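Reader: Before I rely on any label, I would like to see how each one follows from a value and a cut-off. Could you take me through the reasoning term by term?

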Amino acid sequence: MKAKFWTFKNILFRSEQVLIVVAHLILLKWIFYCLYEGGTMPVSHLMGHFTGMAVFGALLIRGTAYLVQRRYMKENNLTHIPK
């Protein structure tokens with residue numbers, strides 16, 4: 001029997017995954033927008049977009065890693081990551 005994707009037990013985990021996917025899709029849309037409209041924007045405006053995308057991407061990576069680490073530690077009853 002196949003397990004259900006959404007259950008009451010894993011609803012927080014699945015909602016985190018959905019938020020991560022949505023954030024990645026927003027970033028991807030922003031990248032496509034900048035690449036498509038980049039020829040008509042002033043360079044300073046375009047550099048602002050690319051700086052914003054870099055910051056958003058870095059925060060997205062760091063936030064995702066934090067969520068995964070927190071879940072791993074919670075599932076294994078750890079207080080810190082073993083070396």
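Reader: Where is Asn10 found, and why is Asn10 called buried?

Author: Asn10 is found in the segment before helix 1, a helix here being a DSSP run of H or I with at least four residues, and a strand a run of E with at least two, numbered from the N terminus. Buried means under 20% relative accessible area, exposed over 50%, and partly exposed in between, with a 1.4 Å probe and protein chains only. Asn10 has 17%, and is therefore buried. This is a predicted model, in which local features need pLDDT of at least 70, side-chain atom pairs count only at pLDDT 80 or more, and totals for chains, interfaces and linings use all residues. Residues are numbered from 1 along each chain as its sequence is written, and side-chain values use heavy atoms, leaving out hydrogens and water.

Reader: Which residues is Asn10 in contact with, leaving aside neighbours within four places in sequence?

Author: They are Lys4 and Phe5, where contact means heavy atoms within 4.5 Å.

Reader: How do you know that the span of helix 1 is close to the expected one?

Author: The expected span is 1.5 Å times one less than the number of residues; for the 27 residues of helix 1 (11-37) that gives 39 Å, and the helix reaches 38 Å from its first C-alpha to its last.

Reader: Which residues of helix 1 are buried, and what covers them?

Author: The buried residues are Arg14, Glu16, Ala23, Leu27 and Cys34, and their cover includes helix 2 (43-75).
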